[in-house]
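This report goes through the strands, the surface, the cysteines and the confidence of one model. The sequence and structure come before the text.

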Amino acid sequence: MADMKAAGFTPLEPYRNVSTPWTSLCNGCGTIVSPKLNNVRTRGRCCPRCAKYGLNPAAPAWLYVMTHVAFGAVKIGITGRETREDRIARL
């Protein structure tokens, strides 16, 4: 319960286990969501409506192409400009 509250959620049903979706209210935006406790513990706030990760189709984004010459690999991807995680720097 403490981890959910710290991540900004108010659980609306009893706890089952770390891998079962837990119906909760997001205190940030008021949306009813069902995050898994293990995702909350690893990602923190994981409300799809107000999280700062993932791709928001309405927001600015970067299209990128990366290559690895030694492996002969090419990756084409898209990432949001304002996400918390910088996928380009990480790759």
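## Hairpin of β4 and β5

In the hairpin formed by β4 and β5, four residues lie between the strands, and Gly72 takes a positive phi near 65°. The model is predicted, and the values in this report are computed from it.

The two strands of this hairpin, β4 and β5, are paired in the antiparallel sense over eight bridges. One facing pair is Met66 and Lys75, the latter in β5.

## Nonpolar surface patch

Leu55, Leu63, Val65, Val74, Ile76 and Ile78 make a nonpolar patch of about 630 Å² on the surface. Two elements give two or more residues to the patch: β4 (61–68) and β5 (73–80). The largest share, three residues, comes from β5.

Ile78 belongs to the patch and is found in strand β5. Its relative accessible area is 42%. Because this value lies between the cut-offs of 20% and 50%, Ile78 is classed as partly exposed.

## Three-stranded sheet

Strands β1, β2 and β3 form an open sheet in the order β1-β2-β3, with antiparallel pairing. At its edges are β1 (9–11) and β3 (32–33), each of which pairs on one side only.

Between β1 and β2 (residues 24–26), which run antiparallel, there are three bridges. Thr10 stands opposite Leu25, a residue of β2.

## Cysteines

How many disulfides does a search of the whole structure find? The search finds zero. For Cys29, the nearest cysteine sulfur is that of Cys47, 3.6 Å away, and Cys29 is in no disulfide. The reason is the cut-off: a disulfide needs two cysteine sulfur atoms within 2.5 Å.

Is Cys26 buried or exposed? Cys26 has a relative accessibility of 1% and therefore counts as buried, the cut-off being under 20%. Cys29, at 30% relative accessibility, counts as partly exposed.

## Confidence

The mean pLDDT of the protein chain is 85, and 85% of its residues reach 70 or more. Among the elements of the chain, β1 has the highest mean pLDDT (95), and helix α3 (residues 87–90) has the lowest (63).

Where pLDDT is low, the predicted coordinates should not be read in detail.

Conventions. Residues are numbered from 1 along each chain as its sequence is written. This is a predicted model: local features need pLDDT of at least 70, side-chain atom pairs count only at pLDDT 80 or more; totals for chains, interfaces and linings use all residues. Side-chain values use heavy atoms; hydrogens and water are left out. Patches are made of residues with over 30% relative accessible area and no salt bridge: like charges are joined within 9 Å, nonpolar side chains (Val, Leu, Ile, Met, Phe, Trp, Tyr) within 5 Å. Accessible areas come from the Shrake-Rupley method with a 1.4 Å probe; for residues, only the protein chains shown count as cover. A salt bridge is a side-chain nitrogen of Lys or Arg within 4 Å of a carboxyl oxygen of Asp or Glu. Buried means under 20% relative accessible area, exposed over 50%, partly exposed in between (1.4 Å probe, protein chains only). Two strands pair if DSSP finds at least two bridges between them. pLDDT is the predictor's confidence in each residue, from 0 to 100.
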